[in-house]
Each structure stands twice: as C-alpha cells, then as structure tokens.
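Please open the structure in your viewer and keep the selection tool at hand. The tour proceeds by stops, each with something to select and a description of what is found there.

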Amino acid sequence: MQRFQCYIDGEFADGEARFESIDPATGAAWAEMPEAREADVNRAVEAAHRTLSAGPWSKLTATQRGKLLYKLADLVAENAQKLAELETRDTGKIIRETSAQIAYVAEYYRYYAGIADKIEGSYLPIDKPDMDVWLRREPIGVVAMVVPWNSQLFLSAVKIGPALAAGCTMVVKASEDGPAPVLEFARLIHEAGFPAGVVNIITGFGPACGAALSRHPKVDHIAFTGGPETARHVVRNSAENLASTSLELGGKSPFIVFADADLESAANAQVAGIFAATGQSCVAGSRLIVETSVKDRFLDILKAKAEAVRIGSPLDMATEVGPLATRRQRDHIEALVERSLAAGAKLVTGGTAPEGAGYYYRPTILDCDGSASPSLDEEFFGPVLSVLSFETEAEALELANNTRYGLAAGLFTRDLTRAHRLIKGIRAGIVWVNTYRAVSPIAPFGGFGLSGHGREGGMAAALDFTRTKTVWLRTSDEPIPDPFVMR
Ligand code: NAD
C-alpha cells in the first residue's frame, strides 16, 4: 500500500497515528495516511508562528514571495497529471475532470504570484497639519485552512495562493477523505523553496485535528470550506482564539430555464451543473426551475442525456460519472432520495445504484411539482436534480430565492431586460447567465446566507489575508503642547 506523510516545519513526518484510505471505485483500501492529532497540530502551528514572526519568511520582500509562487505554479503545471491521478484514485473524481482542473490550479498560483507585490498600503489626508498618517497592509498572521474532500487541490489553492501573496504562514488540514493529492502537493511546496514552516500540510479527523487547529491560540484566521454544520463547530472553536473566519459552505443552487432559452444548450449546462463531478460540487445546480410551457420538452432532453451518461472507472478518460467519494455519501443520497419519493416527488430517471463494487449512483431526476420534497431544501452533494416549474417571472424568482443557501444561480433566457431584472433579484454570490460552473482566479467566488461569507479568488481575496496597521508620525519638532487634551 502506498504511504503518505504530513509536512510540518519543512520536514515530512508520520502523524501520531495512521488510517487507511479507501478507493471509492472499488471500496478497497489502497493507501495509508498519517493521522495528525493535537501534538502534530501544535508543532505545525508553532512552526508557522515562528517563521512568521522571526523566520526568513518575514524578511522576504513581496517580490521574492511572488517569485516563489511563480515557481510553485510551474511545478503544479508540471506535476498536474500525477496529482490528478492521485486525486482520482483517492476521491473517485473522474480523471477527465481532475487533469483539467489541476492544470488550471497552476493558474491560480500564477495569478496570486503576480499579486504579491501589488498589495499596497495607503496614505491618509489627515486633518492635522503636523502629522503624517498611513496604513501599512500586513499579513493577517497564521492561517488555519480546513478543506473538504471534493476538489481539495483547487479548494486549498484558492486559500494558499492569496495567503502566500499576502505574506501569511499556514497550516492546511486536508480532509480525512481523499487527502492524497494535498499531501503529495507538499512536495512541490518543498521543491519550490518556501522556508520551513511557511506552509504546513496535515490531515486527520474533525474532532481531534480540525478542532485542535481551529481553536489553537496562535491561529489568527480560519479559512474553512465544508458543510454548514461543521462550520458552526469551527465558529464555536474560534470563540477560543477569536480568530476571524471565512466560510465557503454548501448550496442548493437554482437553475432557471425560461421558454425562450436555447434548450439544448441549457440542458448541457444543467448536465454540467448536476452530473459533472458526480454532483459533488458546492455550486451544483440542484434545483431546476423551468417554465411550465417547456417543462416536458426540457425534461425529455435532460432524461435522454442523463441516461446516456457513461458511468465507469474514474481513471478511464471516457468516463463521465464516477463513484461518490465515500460510502457515507452514497448512503446519504440513497436515504434522501427515498424520503423525497415518500414525500411525493416523482422519479423521472435514476434513483438506484448500479450493481457491482464501488460507491456509484445513477444520475437521477426527481419531479417535485406539487410535493414538499426534502430534496428541495437539503443538499445531496450528489447527482440528483429536483425539478419545479413556474408560470411567471415573479414566481421563478420566488422559487429561486426560496432557500437558506445562496451560493450560485443559473439563468437561461435570451431576453436581456429580464436577465438584468433577475440578476438583481437573485440572492446568491454568483449568477451565471446562459452558462454554468465557470470559474477563474480573476473572479471572486462565495455565497450568501447558509452558503457562508468571505470570497475566494480575485484581488480582494488577497486583501482578506491582510490587516491594516495605522501609523501616526508627528512631523513637528515643537514639544507636544497640552498633554491633557487628546490630539
Ligand atoms: P465537512 O464539513 O464534513 O468537512 C470539511 C472539513 O472540516 C474536513 O476537513 C473535516 O475534517 C473538517 N472538520 C470536521 N469537523 C470539524 C471540527 N469540529 N472542527 C474543525 N474541522 C472539522 O464537509 P465534507 O462533507 O467533507 O464536504 C462537503 C461539504 O462541503 C458540502 O456541504 C459542500 O457544499 C461544501 N463545499 C463547499 C464549497 C464552497 O466553496 N462553497 C466547496 C466544496 C464543498
């Protein structure tokens, strides 16, 4: 079995314990992972804290940090295929997607490499003649990064890239499910030449590792991606260290199709939105809201596409839908489909797991019109689409916003003025019009409501890893006049 290690203070080391990682395509253990617990967490945070306050990292110029990030971007690009194979093996995400996504992860590091020496302070036009006052932008400090199992290299890159550009140090906790690609990525951090302790990479379980990390007294900021329930634990943990938080959580994103849309194109986008990555995507367009007059036609197209999807080994380039990442995840999907059918949802297609080994589940469509299906509220994080129909634009908007989440929304129409009205009315952090599931390092990403707060991607994300220091410098040589009056 392949063995992986943690990366703490510039060294590769075993954790306090070990656990087996399961290949979701077969259900068999394929690798041994290091399990970090409190002592490992403490070593990692101490290393990050030391390097930040006194180590070589604190002495590098922003341009030098940028050069290290460029080197890292090149290494990610060179090693993309190997990392993709590891992610596919450990999480079941299809190789067709992981190879493209990880090659693109390099672009995130390149983008933030360029930003490192463009983070500027500012000079204030202060209202006192004998004072110069300016803001320095300094790194926010030691950052705890906690990520879930889907797209771990991507979800860590959108944190590590801007945090390094800003001059922070960090401890990255990969998910206990499928951590192999992130642990392997540590070798690229090492090879790029980042000083010891700047980026520490560990994995372990939520209570023993994630909790110890997020409440550690020397952690200044927690960048978390995961489910809302875990986020509540993280926020409670942050009551201990009063660290700031950014939370990228789940979604129940609406996918609105008007009768005037190009239905073939919208159906392809809907397939991308719900069946790609086997639906294990926080931005999954999991609630189709379709105009009544085209509902049957659109569902026919979609059903045909769902039934034609190639289910198979995630390591095969021809496969379109691979297994879910864990048995737990498939059990959750099966149970929620069952509850939804019991609540009156009608099965259009799917609804079963194919025979054989591995955690597979068929692309599934549930017609939820006229029912109070729990599938409309609860996140599957799997290939299950819930369908509702509408008669008017106002009804479409009401249905779209009828969720506690607010991560993304898809809107399909050729009517420009209607599109503008809806863009304004939709409560979500991302609106895709006549497209879906597009991302870029240049474009911020994040949600409203239960989908969390904070944005990843774009210049603002780098600024979020900084804090300002206000400097007052008196320019007069005269003695300070009245010490009892505030200046
Ligand atoms: P999860 O919330 O169970 O776990 C996420 C991480 O939190 C894991 O590393 C886990 O070990 C850690 N954790 C668990 N308990 C903890 C605790 N008490 N303290 C600190 N850390 C703890 O999420 P998951 O099931 O792995 O992933 C699925 C969820 O992630 C879905 O809800 C999905 O929508 C969300 N997600 C969001 C985005 C986004 O960018 N908005 C992206 C991907 C996934």
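How many aromatic pairs does the count come to? The model is a predicted one, and the count for it comes to 13 aromatic pairs.

For the first stop, select Phe255 and Phe412, whose ring centres are 4.7 Å apart. The planes of these two rings meet at 20°, and the pair is therefore stacked, since planes under 30 degrees apart count as such. Now display the strands that carry the two residues: Phe255 belongs to strand S13 (residues 254-257), and Phe412 to strand S18 (residues 408-412). The pair therefore ties together parts that are 157 residues apart in sequence.

Next, select the ligand, which sits in the largest pocket. To see what surrounds the ligand, colour helix H7 (206-214), strand S11 (221-225) and helix H8 (228-241); these are the elements that give two or more residues to the shell around it.

Extend the selection to the 29 residues around the ligand, of which Val147, Glu176, Thr230, Leu249 and Glu379 come nearest. Colouring the shell by residue class shows 13 nonpolar, 12 polar and 4 charged residues.

Three of these residues merit a separate look.

- Val147: a polar backbone atom of this residue is 2.8 Å from an oxygen atom of the ligand.
- Thr230: here a polar side-chain atom lies 2.6 Å from an oxygen atom of the ligand.
- Leu249: a polar backbone atom of this residue is 2.6 Å from a nitrogen atom of the ligand.

Finally, show the surface of the ligand. Taken alone, the ligand exposes 860 Å², and the protein buries 89% of that area.

Methods
Residues are numbered from 1 along each chain as its sequence is written. This is a predicted model: local features need pLDDT of at least 70, side-chain atom pairs count only at pLDDT 80 or more; totals for chains, interfaces and linings use all residues. Side-chain values use heavy atoms; hydrogens and water are left out. A residue is near a molecule or strand if one of its heavy atoms lies within 4 Å of it. A polar contact is a pair of N or O atoms within 3.5 Å; within protein, one must be able to donate a hydrogen and the other to accept it, and residues adjacent in sequence count only if both atoms are side-chain atoms. Accessible areas come from the Shrake-Rupley method with a 1.4 Å probe; for residues, only the protein chains shown count as cover. On a 1 Å grid over the protein atoms alone, a cavity is a set of points where a 1.4 Å probe fits but cannot get out, and a pocket is an open set with protein on both sides within 12 Å along at least five of seven lines; lining residues have an atom within 4 Å of a point. A molecule sits in a cavity or pocket if more than half of its atoms lie within 2 Å of its grid points. Helices (H or I, at least four residues) and strands (E, at least two) are DSSP runs, numbered from the N terminus. Ala, Val, Leu, Ile, Met, Phe, Trp, Tyr, Cys and Pro count as nonpolar, Asp, Glu, Lys and Arg as charged, and the others, Gly among them, as polar. Rings of Phe, Tyr and Trp (its six-membered ring) pair if their centres lie within 6.5 Å; planes under 30 degrees apart count as stacked, over 60 as edge-to-face and the rest as tilted.
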